[in-house]
Amino acid sequence: MRINDLFAKLGVWTVRHAGAILILSGGITLAAGFGAAKLGIETDLAAMLPDGNATAKAYTRIDEAFGSTASMIVVAEGPDRDSLVEAAAALENAIGNSVAMRDLVRSVDWKMNREFAETWGLLAQKAEDIADSGRILADRSLAETVRAANDVMEEGLADGSDDEVTGPDGERDAAVAMTRFALFSRALGEAFRAAGNGGEGRESLSEATERMADAWLFGEEYLIDPEERTLIVSVRPSFDIGDRAKLRKLSAGMRALCDDIASARPGVAFGLTGDAENEAAEERAMGADVLYPSLIAVAVIAVLFLFSFRRMRSILLALVAMGVGILWDVGFASVAVGKLNMITSSFGALLVGLGIDFGIHLSSRYDEEIAEGLSPELAMGRAFGSVGFPIAVGGVTTAIAFYMLLLSKTPSFREFALIAGTGIVTTLIASFTALPALLALLSKPGASRFPNRPLIPFRAAHSLIALASKRRAAALSLVALSVVLLAPGLFRNAFEFDMRKIGPQGTEAQRFERLVESRFGISTWQHMALADDIAGAEALVAAYEKAPLVRDVESVADYVPSAAEQEARLAAIARLSAGFRETPAAHAYTEADVGAFLFELERMEWNVVELGDLAAASLGEGSLPVRARSAIVREIFGAETGAAGEEVFASLRQSIASLQAAEAASRLAAVNALFSAALDRRYARLLAVSSPITVADLPESVRNEFVSPDGSGYLVRIVPSAGLSGDAAFEAFADGLAAAAPGATGTLVLGLELSREVLGESARVAVLVAIAVFALVSLGFGSLRLTGAALVAFAVAVAWTFSVAPWFGKFNIVSALSLPLIIGIGVDYCVHVVSALRHGDAVSVARTSRAMTLSMLTTLIGFGSLALIGSFRGIAALGTTLSIGIVASYTAAIIVIPALLGPKAAKNGGK
């Protein structure tokens with residue numbers, strides 16, 4: 001019995017059992033609907049990599065040890081430092097007072113732990129730095145302290161080298177020193193004003209001198225940029241961000257708190273970024289990409305059908321059947337994989353584009369048979385007999401194209417293969433069962449309700465097929481010429497390895513990520529490694545600091561030095577402690593003393609300017625020290641000067657110099673007495689340390705950050721520089737970490753690993769797909785000639801596709817899926833054209849070309865919706881590449897195959 005006869009019998013059977021089929025289909029659909037409601041979203045890149053991947057294993061190990069390795073960065077913008085500090089303090093209080101947020105937040109980090117700094121601050125310095133601190137603080141009187149600091153700074157600058165600003169540490173230390181001097185000078189100005197007002201003013205003299213001492217010893221306590229317009233608050237979640245419900249709650253709750261605080265503070269605004277907020281933004285975009293492109297595709301397809309068919313009911317039923325098949329697949333996905341990721345989330349729009357093809361061919365042919373007066377049974381039998389086989393072959397080959405990805409080592413590829421391949425099967429089954437049953441019961445013969453509606457004729461494809469069959473040499477020559485002319489594009493294909501560029505674009509998280517990069521010179525995409533002990537953490541810090549594009553490396557070793565280092569530091573502290581004497585409270589100042597003090601303030605400004613010049617020469621005008629200098633004195637560009645900064649030193653000198661000499665001396669004495677006493681108290685506490693620091697002495701926030709709860713793991717945090725952009729820099733950073741020491745992990749490194757896995761597997765899987773698909777086609781046609789014609793047409797389509805694709809951007813881990821998909825789609829078109837030509841009559845060719853054109857347009861709409869509406873750039877790129885492949889495959893099928901087979905295509909199996 002011929003295969004077409006078997007399909008005809010299947011068509012008759014579906015009509016006879018239409019009621020039972022719909023009852024069974026309804027039960028399955030209802031069950032699938034319950035399952036679909038449980039389908040989640042997965043954005044964890046580690047879960048998408050092969051099980052044996054070292055980077056993924058390291059990430060999982062850290063995540064398990066610390067509960068969560070992500071952070072949410074709250075960025076506050078405001079007019080001045082005081083506004084920012086007040087807003088950040090309000091946010092910390094709001095988080096602490098919110099029952100919901102307390103359950104979601106492990107820690108809030110935005111300022112220095114003063115208790116720890118006042119106790120262990122000296123021990124945190126290197127032995128040589130402790131000696132310099134001793135020189136500066138040997139005499140804590142105001143004038144002598146400033147003079148000693150100038151002496152130490154000038155000794156460091158005396159050789160004219162850039163050692164003071166070399167590397168990330170030097171850049172940070174130089175900016176910190178400038179900020180310390182600026183804070184000290186501001187507080188000194190307030191103290192002088194208070195001294196002239198009987199000890200009162202904007203703040204009391206005592207309060208101002210306490211701030212002077214704090215600024216001198218500890219500098220800036222907050223994470224503020226050099227211009228003091230931006231402040232960072234780091235919020236650590238208490239949960240694994242794989243818990244999407246809690247992540248959504250944290251993101252929404254933090255945004256609500258920020259909005260409330262900002263609304264009460266004019267000029268203050270907040271933004272969210274960091275790993276956690278980027279994950280939340282990805283999930284929101286992924287949920288939209290699952291729904292909106294599919295809905296838009298269905299709507300546009302419905303409009304297309306309105307002007308393509310006189311009888312709309314049959315096509316609407318085809319849409320219903322397609323939706324049923326997709327819902328079956330969603331229910332299957334909820335059981336088989338549980339969660340969608342950035343690759344699998346595109347399956348809905350893909351199935352809309354692919355699944356409707358089955359219904360178009362079947363329902364349009366059924367309507368044509370009904371229009372001739374046949375009964376539903378006979379009409380369905382004829383429809384199945386003429387198009388059932390090519391529909392089945394096209395569906396099976398496309399499903400095989402997806403299922404071949406199950407051979408991939410990458411879990412995300414395998415999940416995509418399982419969901420998409422099964423989706424093709426379920427929509428095919430729905431088209432062969434639910435659709436015929438719906439047509440038999442609901443699509444009755446009769447005239448159109450809108451007989452005057454204009455219809456699209458769809459004659460172009462039929463005309464091209466006829467023309468290519470008659471002008472074979474010309475058609476093949478034009479095709480060959482186009483392949484040659486477009487061929488240079490094949491060598492311009494490139495791959496995007498940076499995961500930041502394939503996720504949702506234009507999000508708030510990305511905008512504030514760029515803001516942090518520009519204001520602080522760091523990337524918010526932190527990376528990490530895990531050590532077994534403090535010595536191991538210290539070794540990793542030393543290794544990663546030398547890697548390219550690394551701005552900072554932090555670990556518990558920054559707080560707990562090695563035993564030998566602590567011994568040397570404690571000895572240095574003991575020597576300073578032995579010579580400590582309290583500063584005398586009374587100190588008379590003369591007019592000459594005031595002049596000498598003003599000179600020391602001027603020296604401080606000169607030193608700041610010279611330090612800024614060194615930074616500009618070695619680090620660039622945009623470096624932190626240069627920006628800090630420009631904020632507190634004046635912008636300097638070579639021999640030119642720019643806009644005045646705060647001019648903190650000049651303003652202070654002017655305010656003191658404007659006083660009568662006796663008044664200035666009196667105020668200086670009053671300020672000195674209280675400042676010296678405040679500095680004495682703090683310095684004595686710093687010198688009191690006599691025993692090594694241990695992990696138990698660290699603040700809880702530091703232990704939570706760097707030491708696992710059971711004490712078995714020590715986290716090393718790697719902060720990239722802001723220059724981490726572009727493929728060359730991105731890969732240099734990731735490869736540099738791997739070369740420095742194994743075990744470094746993080747979102748960007750995981751993304752690079754996943755991209756390389758995908759790139760390596762795509763070509764291999766595509767070859768397997770092509771072999772399997774064309775073996776099936778050859779078996780179905782039973783003719784090497786017909787199979788060969790389809791193979792040549794497909795090869796032309798692939799050449800066109802990958803020659804044009806570079807015009808629209810790079811491939812990525814999502815769009816790399818396009819090759820096996822284009823194989824399945826392209827073969828589908830080839831099968832329909834070969835089947836039509838095989839019959840050899842104009843009516844079959846006309847009907848097939850019309851249905852195939854509609855199928856191409858619907859598939860193009862499905863994939864085009866991803867390209868135009870998809871907020872994930874990777875998914876949009878997949879839609880773009882597949883759209884190109886669809887047009888190329890369709891065009892090659894209707895031109896190359898007729899040109900190869902000629903006007904008298906084989907009627908007997910191609911023989």
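**Salt bridges in close-up**

**View 1. R140, a buried arginine, and its partner D680.** R140 is buried, with a relative accessible area of 2%. In this predicted model, its partner D680 is buried as well, at a relative accessible area of 6%. The two residues form a salt bridge, with 2.7 Å between their closest N and O atoms. This pair links distant parts of the chain, 540 residues apart: R140 sits in the loop between helix 7 (127-136) and helix 8 (142-157), while D680 belongs to helix 26 (residues 661-687).

**View 2. E228 and R186 meet in a salt bridge.** Look for the side chains of E228 and R186, which come together at 2.9 Å, N to O. Here too distant parts of the chain are linked, 42 residues apart: E228 is in the loop between helix 10 (205-218) and strand 4 (230-237), and R186 is in helix 9 (residues 167-195). E228 is buried, with a relative accessible area of 11%, whereas R186 is partly exposed at 22%.

**View 3. R629 pairs with D613.** The closest N and O atoms of this salt bridge are 2.8 Å apart. Because R629 lies in helix 24 (residues 624-632) and D613 in helix 23 (residues 591-619), the pair ties together parts that are 16 residues apart in sequence. R629 is buried, its relative accessible area being 0%, but D613 is partly exposed, at 38%.

**View 4. A network of salt bridges.** Let's finish with a group rather than a pair. R114, E115, E118, E210, D214, E221, R681, R682 and R685 are linked to one another in a salt-bridge network. The structure as a whole holds 40 salt bridges.

How values were computed:
Residues numbered from 1 in each chain as written. Predicted model: local features only at pLDDT ≥ 70, side-chain atom pairs only at ≥ 80, totals over all residues. Heavy atoms only, no water. Salt bridge = Lys/Arg side-chain N within 4 Å of Asp/Glu carboxyl O. Helix = DSSP H or I, 4+ residues; strand = E, 2+ residues; numbered from the N terminus. Buried < 20%, exposed > 50% of the residue type's maximum accessible area, 1.4 Å probe, protein only.
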